[in-house]
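Trainee: Please take me slowly through a single part of this protein, beginning with one enclosed space and the helix beside it. I would like each term explained with its cut-offs as it comes up.

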Amino acid sequence: MKSKKKKRQDDFQKVKLKVGKTKPKADNATNTNFRSKGIHLTEQLKRDPSCPTTHRQLGINELLSQLHHHNANVKLGALVGLRELLSVHPSLLEQHLSRLLSEVAAVFTDKDGNVRVSSTRVLRFIAQSVPAERVAPFYPVLSAHLSCAMTHIETSIQEDAMKVLDVLLEHYPALLAARPAVLLTNFLELISHKQNSGNAKKSQDTKGRTWALSVNLSRAVTSQQWRLSVLLRLGRFLQAVVEERPGEESDIFIPTEGAYSFSGESRLTPLYLNWEELAYSKVGVKVYEHSGSKPTPQSTFRLRAEVSSGPTVGEDLDSSEAVQSFAATLVPLLLEVWVEASTSDCPWNNTEGAHLLGPDAMSVMFQVLSILQLLRKLAPQRDQQDALDAWFYKEYLKDFKQHFMKNFPYGSRDTPKHKKKVDLRRSKQTATVPGLTVEPMALNITLCQVMVSLSQRQVLGRETDGDWLTPLRTFVRDTLSSGVKLSYRQLHMLLGTVWRMVFTQRSKTVTDDLLAAVYIYYQQRHLTLQTRSLLLSFYSKLYLQEQGHAHIARSKVLCRWLASLPVQLSQLGQRNPALSARLILSIQAAASRKQKDLLNSLQTHACMLYDPQEGVMVLLPIESQQRMVQLLYFLPKMSPSLLANLSYCCTAGRISAALSASLIRIVHFRSSLSGWSVGSQEAALQDADYISFLFSTLTGFSSDKLASLQGADDALPPSPLSPLSLYPTSLEQFTHHWDVVEEVCHCLETLGSKSQCFDILQNGICKYLTKLGVVPDSMAAGLLRAVSRLLDLSVLPVEAMLRFLSQCCLSLLALLITLEQELPAETNHKREAIWGACVSALSSVPRLLRMVLQSMRVGDLSEEELPQLGQILSMLLQHTPIHNQLLANAALLQEIIQHLTRYTRGTTREQWLTDLLYCYTVTVAHGASARRGNLSLRDMY
């Protein structure tokens, strides 16, 4: 057996690897295993519970930072989260407005369409919540990103930029209109491009025009639809620029309303300052005239302009040269747009149906005409606007006549609708283009307004533009006289066209023809208040232009319209106070100019207008009532029936006391007794009618009303202490009548002879009032006041009037005691008026105090009436101005007091009797010497 040979081990022996076995580790292998422990900072992982988050637990900082992410889905989620967060927590808008606007505006040019649409929604949400004043500091950022989007090379971004522009036009038109130069250039670049200036022949053919329409085949919509969309936004933008300009009165009868305006309200807001907050503040306050953005052009007051690095005057379209330069670029493009649209609308040569347009062509033409109308309104001042109109007339009248007036008036062409399978993709593309449904009537009216604005002032007897003005005038006349219903804006534009034609053509035939058509429309029923007011304003302002314009003066249509105004006012009444106020303004303007037809009509319907029950005088608000009172001054004649109505209006409380006083003064001035006249104006009423009016107003009640009061149940019953049965009036009625009495007395005092005036008043009282058994307390007090003010000592009062006045005075004194016991606080003014009237009459009217004392029969009084009589005597004794009259009748007064003492029962003397005896003693002792030396006064009283 052979022994095994032991192998020698080599130094570099190769290791054999076997399948399925783990590879052995190398001898020099490094062990990379390690063990670590985490450090947890729990405070840093906690969220601030006061910071609002979305449902994904993201705050506003995280959402804004995600807008810079490269992934479109992340940015879209961030925008959706912003809307969610801002809708739940609106306070974040104020805190992060700067970052919100800058970050959201930055994605206007994002590559993803969904991100751009979502950013527009966020911007609309912000615009609905934040006013323009808060956004103004950050608007340059918005404007820069909007310009980038509008001029972007991608057509889809340009289309979405139009939606962003819609949001800004709707909510921040003033900010857009502040710097229009950049945006106007962007609008031009959206539909056109600059031509190559190297082609001299082409430049010569286009009259030096440097812009030409562009066509982009990669758009989702057709070129015509895209241009229509851009022109629509351009029109709205120009409308915003026009509306933000300081207003100046133009040649049109009323400030014009744009076709693109979102609201009719002015956006010039007043500036409110809190001086307490600004007293210690270092921030300056910019003050503007009339609380507007700029001073009005016709004002002489100017503020020093601030030094700013903003755009120049020309860039902001604040000069006629800048407007003219922009129009020279835009108008040829507009004409090219219309030519292409009309050619594509009717490609075949059919002269019969050339005036019929399809919906797209009609919309394009309407936008072109509206922009042309807005261009002429961009001129800052009136003289510059006339110069701009003359430039349009010189440069583009031939083109306008060729492209617009050739087939005027236009109509709508009915296109048959074929049933086709709906292409969803194409329907979405069409829906993105904002369409504007235009009616043929609106298109033709806009064309009339544009073309008539180009017409120049004609020389009398010559018509240089009759070839194209005649069809316009015929259309306006037929439209107004056909009875067709027009919207407010359409009627507004038509009336503006009529106004321009009247003052440029200056032909009486043309003026009467157009005004007759307007009057036919004015006579239509069921017109709205806004429409009726517009027509009234047109006629009123046209009538004010009558002086200096021979073709308007003495127009039969204007005279017929003016004569119909009082009838319309009486029929309208209080059903529409605003329209009635407009009618009154028109009547007042014509009456102040002494228009005969109006004054005759006003004279005929005066009794109906000033009816105290159903007339507009008492039914309309206070402002209209004041104007109705002022109209009385212009009436040629005032009939007795009208004066009776006016007297009742003053005394019935249907108008205020101040207005009643104004009415009485106007009637006084129109009478011959006032001694006051202007020019050749004659007296409007007879002297007897005027005196009758004053006496009826003085009594405060008509004869019929006084007759009905004689059987009134609520009148106070007569008594020995109150000979007359007084009818109590309310405090308001009494105060009103008292003020009226003061004005009547003032008018009576200004008449020529005071003795004759008092004699007339005395005869009226004796004839109409002395037989009354029931007398209103206001009338009794008013009569005493009037008699004391009009008394002339050369005329002694008759016995009948003195007896009636003494009964009134004693009854009022008894009423005065009753009022003091029942309602001392509420009737304070009434008590003072009654006491003043009684004392004034007793101290001035001869023998009146004696008759009052003789009427105090103590034996006929009851026990309850004795204290009242004692209080009356005490009040009289305490009043110093009638001490002389009391001393003159001391014997009669002593007899009354003795009877009171005798008829007073009881062992103890009552307080009222003690006061009476004290007052009597003081008065008699004080005036004993005067009584002995004044025998003539005693004989008189």
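Mentor: Contact, the word on which any account of what covers a helix depends, means heavy atoms within 4.5 Å. What you have in front of you is a predicted model, in which local features need pLDDT of at least 70 and side-chain atom pairs count only at pLDDT 80 or more, although totals for chains, interfaces and linings use all residues. Residues are numbered from 1 along each chain as its sequence is written, and side-chain values rest on heavy atoms, with hydrogens and water left out.

Let me set the scene before we go in. The chain has 45 helices and 6 strands, where helices (H or I, at least four residues) and strands (E, at least two) are DSSP runs numbered from the N terminus. Of its 941 residues, 46% count as buried, a label given under 20% relative accessible area, with exposed meaning over 50% and partly exposed in between (1.4 Å probe, protein chains only). Among contacts between residues at least 6 apart in sequence, 74% join residues at least 24 apart.

Now to the enclosed space. Searching the whole structure gives 5 cavities of 30 Å³ or more, a cavity being a set of points on a 1 Å grid over the protein atoms alone where a 1.4 Å probe fits but cannot get out, with lining residues having an atom within 4 Å of a point. The second largest cavity is the one I would choose, and its volume is about 80 Å³, volume being the space filled by probe spheres on grid points joined across faces, edges and corners. Its lining is made of I691, L694, F695, L698, L748, C757, I760 and L761. Two elements, α32 (687-699) and α35 (754-768), each give two or more residues to that lining. Of the contributors, α32 gives the most, with 4 residues. In character the lining divides into 8 nonpolar residues, no polar and no charged, where Ala, Val, Leu, Ile, Met, Phe, Trp, Tyr, Cys and Pro count as nonpolar, Asp, Glu, Lys and Arg as charged, and the others, Gly among them, as polar.

The helix α35 deserves its own look. Its 15 residues should span 21 Å at 1.5 Å a residue, and its end C-alpha atoms are indeed 21 Å apart, which agrees; the expected span is 1.5 Å times one less than the number of residues. The buried residues of α35 are C757, F758, L761, Q762, G764 and I765. Seen down the axis of α35, these buried residues fall within an arc of 160°, so they line one face of the helix, the arc being that of the directions from the helix axis to the C-beta atoms. Set this beside the cavity, and you will find that C757 and L761 appear both among the buried residues of α35 and in the lining. On the face of α35 turned away from its buried side sit the exposed residues Q756 and K767. The cover over the buried residues of α35 includes α32, which we have already met at the cavity, together with α34 (731-749), α36 (777-790) and α37 (799-822).

From that cover, follow α36 to S778, which has its place in this helix. S778 is buried, with a relative accessible area of 3%. When neighbours within four places in sequence are left aside, S778 is in contact with F701, T729, F734 and H737.

Two other buried helix positions make useful companions to S778. T511 is found in helix α22 (residues 508-522) and counts as buried at 1% relative accessibility. Not counting residues up to four places away in sequence, T511 touches V502 and H551; between the C-alpha atoms of T511 and W499, which are 12 residues apart in sequence, there are 9.3 Å in space. G870, in helix α40 (residues 865-878), is buried with a relative accessible area of 0%. Leaving aside neighbours within four places in sequence, G870 is in contact with L900, W912 and L916, while the C-alpha atoms of G870 and T914, 44 residues apart along the chain, are separated by 9.6 Å.

For contrast, turn to the loops. K594 lies in the loop between α25 (577-592) and α26 (596-604) and is exposed, with a relative accessible area of 55%; its phi is positive, about 60°, although K594 is not a glycine. R847, in the loop between α38 (828-844) and α39 (848-854), likewise has a positive phi, of about 65°, without being a glycine, and at 32% relative accessibility R847 counts as partly exposed.

Conventions:
On a 1 Å grid over the protein atoms alone, a cavity is a set of points where a 1.4 Å probe fits but cannot get out, and a pocket is an open set with protein on both sides within 12 Å along at least five of seven lines; lining residues have an atom within 4 Å of a point.
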